[in-house]
Every structure is written in structure tokens, then in C-alpha cells.
Amino acid sequence: MSEPLEPKGRAAPAAAPPRRADEKGALRLGTRRSTLAMAQAGQVADAVRRVTGRPVELVEITTYGDTSRENLAQIGGTGVFVTALRDAVLRGEADFAVHSLKDLPTAQPDDLVIAAVPVRADPRDVLVARDGLTFAQLPDGARVGTGSPRRMAQLNAYARGHGLTIETVPIRGNIDTRIGYVHKGELDAVVLAAAGLHRIGRTGDVTDFLAVDTVLPAPGQGALAIECRAGNTARDTALVAALAELDDPYTRVAVTAERSLLAALEAGCSAPVGALADLLADGQIVKEMRLRGVVGTTDGSTLVQLSTTGPVPETHDQAMALGRELAAEMLAKGAAGLMGERAH
């Protein structure tokens, strides 16, 4: 059980300030309104209720990324989903927010802290294709929808290497909209994140789980970030401590290494960069961490893909160093020249 959210011995205020929860009142969790965001927020809310013993209310917030129909790369990448949530937390309209970690810009604001990164879900990408087809079974010239330059680069590279011809089609929209393109016959397949489909109970739609050797996921994919104010008051400090009970240290060092690589490549969320840090175990004992990274042109004609293996990082700085070291090797192999390739 967590420590109380107010330090012991401190009297609760007679009345909570406007729009702020009192000591024993509901905590307010800021979330986007999409089906996936609401499902993620609901799962986090349940976990926070268990560790704090306090009710949690969802505060629904519309972001610019939700209302704009422009291509993500043109409006600033997936960070456009984050700003409104962060602003709501800073204004006190929400006590904390939950994000898909792959949406977070790598630079962390000083006045906010990622209090917890819970256990990661499946980081892989998946195919939802017509007629139950796997990726290898797609017909020549198949139209495959994705809004991600990272996916485009690797799907096109895989197809080139296996004598397949596909057309990657930029798409936007929520999960239902994207799968709808397949059901309506407008696309042969779409590529989505396994974790998202799992969280909304739609894994039955998956026709193929794409191996990470085929498509390396986005840095942080499958993980959530629980973010709150950075302890400027006793209440903030206590909330940071309570939320920290949901943190998974292995997931945190893995995604820290992945995001460090992304930052060292000076790439944004919409750049064609994939990264995955996974733990290598000997029986039940985790021995090492392997970090893999890829960057490529969206047509798949050129990829720089490297990996490094070392001791599992024990600190934030060690995880950051692992990402920077692999990024340096990738830059030396020509990764910098590929970063300007975006899907437009």
C-alpha cells in the first residue's frame, strides 16, 4: 500500500482550491478522447485506485492532433497529441495524465515528471489484412496503409528484399477508421501497434504479428507514461511518490535507452526511426540488454540498422549512454543522411 498522498501530520485544508482535488477526494486523470486513449486511461485509473485507495476521475481533453486532418509529419509529429494534456496538468485541471510513451517528445519539461512507466505491453507492429492474409501472402502491388514513415521504410525494405511489390499509403484516423479502410476494400492491409489493439480488445482483427526483425517498433512502443507535476508542492511530491508504485524498472531503462537513441539522432516522433531494447535472460536471471536501432528512407531503398548488447543499465544515465552510443555508430554509418526523408 502506498504512503498517504498528504505527508503524515499535515492537516487537510478545510476546502480544496477550485478545480483541485482535496486530500481524500478524487484524483483527476487527463486523457485524450479516442477509444484507445480512454481504454489506456481506464486501466491506469484502476491501478492508481488500487495503490492510493482514492477514486480517479477521467478528464477528457481534445488535442490538436485529434482535430487536425493533416499528415502527422507536417503538423509536428505525434507530440501534437501531448501538449494539451500537459497544459491541463500544469493548469491544475488534471492531477496527472497518461500518454502512449511513443508519442512523447524526447525533451522532458522541467515542471513535469514521468512518475511511472508501467510494465510494457507487446511492442510489435501487426498487420490487419483482407481475407486473413499475412504480410508474406499479400498480392503483388498490395496497398498497405500506415501513417508512420518508420513503418513505411521497413515494410518497403522487407518487400524489396523478398521480391514483393507493395504500395505504402499514408493514412490518419483512429483504429476503427484505419481498419475500416480494409473492410471497405480501399486498402489491402493496414499496420497498427499490437498494444493498442490489445488494450481495446481487438486482437481478433490481427492477421499477422510482424516480427521485430522485420519491422522494429517505434521507441517506447507498447509502453505508457504516467506524467504529473514535478513536486513543487507537498501534494505534488506525494502524488509522484504514489504513482511511482506503478513503475516497472526494466521497462523504464529499456524505453529510456530507446528514446536516448532517438534524441541523439536528433529525430522527432515522426522520423523513420525504430528502436527496441529487450532483456536477455539466462533462465530466470536477466543478464544483458540488447538495443537495436534502424533508420531508413521511406521507400525502403536504404536502411541503417545496428544493435549493441551490454549489461542491463542500473541507472537513468547508463540507459541514456547506451542509446547515445548506438546512435553514434548509426550516424557514423550514414544515418544522418536519411533523417530528412519524411512521408508527405
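Strand β4, helix α8 (249–264) and helix α9 (316–332) each supply at least two residues to the lining of the second largest pocket. The model is a predicted one, and this report takes the pocket as its starting point before turning to the sheets around which the named elements are arranged.

**The second largest pocket**

The space in the second largest pocket comes to about 370 Å³. Its lining consists of 16 residues, and those nearest the centre are Ile114, Arg252, Thr256, Arg259 and His316. Helix α8 gives the largest share of this lining, with seven residues. Sorted by class, the lining residues of the second largest pocket are eight nonpolar, six polar and two charged.

**The five-stranded sheet**

Strand β4 also belongs to an open sheet of five strands, whose order is β2-β1-β3-β10-β4 and whose pairing is mixed. At its edges are β2 (56–60) and β4 (112–116), each of which pairs on one side only. From one strand to the next, the twist of this sheet averages 35°.

Strands of a sheet pair through backbone hydrogen bonds, in either the parallel or the antiparallel sense. What joins β1 to β2, and in which sense do these strands run? Five bridges join them, and the two strands run parallel. One residue pair here is Arg28 with its bridge partner Glu57 in β2. Between β1 and β2 the chain passes through helix α1 (residues 35–52), in a β-α-β crossover that is right-handed.

Strand β3 (residues 96–100) pairs with strand β10 (residues 224–229) in the antiparallel sense, over five bridges. Ser100 has Leu224 in β10 as its bridge partner. Helix α3 (residues 83–90) packs on this sheet, where it touches β1 (27–31), β3, β4 and β10. The direction of helix α3 makes about 165° with that of β3.

**A parallel pair with a crossover**

Strand β6 (residues 142–145) and strand β7 (residues 166–169) are paired in the parallel sense over four bridges. Within this pair, Arg143 stands opposite Glu167 in β7. The chain goes from β6 to β7 by way of helix α4 (residues 149–161), and this β-α-β crossover is right-handed.

**The three-stranded sheet**

The two helices that line the pocket also lie across strands of another sheet. This open sheet has three strands in the order β11-β12-β13, with antiparallel pairing. Its edge strands are β11 (273–282) and β13 (303–311), each pairing on one side only. The twist averages 15° from one strand to the next. Strand β12 (residues 285–296) pairs with β13 over nine bridges in the antiparallel sense, and Met289 stands opposite Gly310 in β13.

Helix α8 lies across β11 and β12 and runs at about 145° to β11. Helix α9 lies across β12 and β13, at about 40° to β12.

**Strand pairs side by side**

| Strand pair | Sense | Bridges |
|---|---|---|
| β1 and β2 | parallel | five |
| β3 and β10 | antiparallel | five |
| β6 and β7 | parallel | four |
| β12 and β13 | antiparallel | nine |

**Summary of the pocket setting**

The elements around the pocket link back to both open sheets. Strand β4 is an edge strand of the five-stranded sheet, while α8 lies across β11 and β12 and α9 across β12 and β13.

Definitions and conventions
Residues are numbered from 1 along each chain as its sequence is written. This is a predicted model: local features need pLDDT of at least 70, side-chain atom pairs count only at pLDDT 80 or more; totals for chains, interfaces and linings use all residues. Side-chain values use heavy atoms; hydrogens and water are left out. Two strands pair if DSSP finds at least two bridges between them. Axes are lines fitted to C-alpha atoms, for helices over the stretch in contact, and angles run from 0 to 180 degrees between N-to-C directions. Contact means heavy atoms within 4.5 Å. A crossover is right-handed if, with the strands pointing away from the viewer, the path from the first strand over the helix to the second runs clockwise. On a 1 Å grid over the protein atoms alone, a cavity is a set of points where a 1.4 Å probe fits but cannot get out, and a pocket is an open set with protein on both sides within 12 Å along at least five of seven lines; lining residues have an atom within 4 Å of a point. Grid points are joined across faces, edges and corners, and a volume is the space filled by probe spheres set on the points. Ala, Val, Leu, Ile, Met, Phe, Trp, Tyr, Cys and Pro count as nonpolar, Asp, Glu, Lys and Arg as charged, and the others, Gly among them, as polar.
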